[in-house]
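Walk through this fold with me, from one residue out to the whole sheet.

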Amino acid sequence: MAVFSVSEEQFPEKVLNAEKPVLVDFWASWCGPCRQLSPLIDDIAAEHPEIEVAKVNIDEEPNLAQQYRIASVPSLILFKDGKVENRAVGVRPRNEIEMMIQ
């Protein structure tokens, strides 16, 4: 499954009401660690069809960043049935992210 960008307007439909769990990568274009994590997020999206993977640019969607208390990027939040199931801050190794989505 391809990674998709999501806006504040799309968030309820694409994330909160999604049929599958959704891993959301909160990131920023100026963030070096975000760029470092991005290829791994793409790989996880391709290898795990049981989840959706979305990206939220915190500079373009500051209300979402504030709502989900994003104090540092990259931040990953797994949503399941419209609720926060798990979260991680900073660059994480593949095995930690995969454990998050189990």
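**From a contact to the sheet**

Leaving aside residues up to four places away in sequence, Leu-16 touches Phe-11, Tyr-68, Phe-79, Asp-81 and Gly-82; contact means heavy atoms within 4.5 Å. This is a predicted model, in which local features need pLDDT of at least 70 and side-chain atom pairs count only at pLDDT 80 or more, while totals for chains, interfaces and linings use all residues. Residues are numbered from 1 along each chain as its sequence is written, and side-chain values use heavy atoms, with hydrogens and water left out.

Leu-16 sits in helix 1 (residues 11–16). Helices (H or I, at least four residues) and strands (E, at least two) are DSSP runs, numbered from the N terminus. Is Leu-16 buried or partly exposed? Leu-16 counts as partly exposed because its relative accessibility is 24%; buried means under 20% relative accessible area, exposed over 50%, and partly exposed in between (1.4 Å probe, protein chains only). Gly-82 is 66 residues away from Leu-16 in sequence, yet their C-alpha atoms are 3.9 Å apart.

Asp-81, another contact of Leu-16, belongs to the hairpin of strand 4 and strand 5. Two residues lie between these strands, and Asp-81 takes a positive phi near 55 degrees. Strand 4 and strand 5 run antiparallel, joined by six bridges. Ser-75 has Val-89 in strand 5 as its bridge partner.

Now take the sheet. It is open, with five strands in the order 1-3-2-4-5 and mixed pairing. Two strands pair if DSSP finds at least two bridges between them. The edges are strand 1 (4–5) and strand 5 (83–89), each pairing on one side only.

Strand 2 has strand 3 and strand 4 as partners. With strand 3 (residues 52–57), strand 2 (residues 22–27) runs parallel, over six bridges. Val-22 stands opposite Glu-52 there. With strand 4, the pairing of strand 2 is antiparallel, over five bridges. Here Leu-23 faces Leu-78.

Five of the six residues of strand 2 are buried, so the strand is mostly covered. From strand 2 the chain crosses through helix 2 (residues 32–47) to strand 3, in a right-handed β-α-β crossover. Right-handed means that, with the strands pointing away from the viewer, the path from the first strand over the helix to the second runs clockwise.

Last comes helix 4 (residues 94–101). Helix 4 lies across strand 2, strand 4 (75–80) and strand 5, at about 20 degrees to strand 4. Axes are lines fitted to C-alpha atoms, for helices over the stretch in contact, and angles run from 0 to 180 degrees between N-to-C directions.
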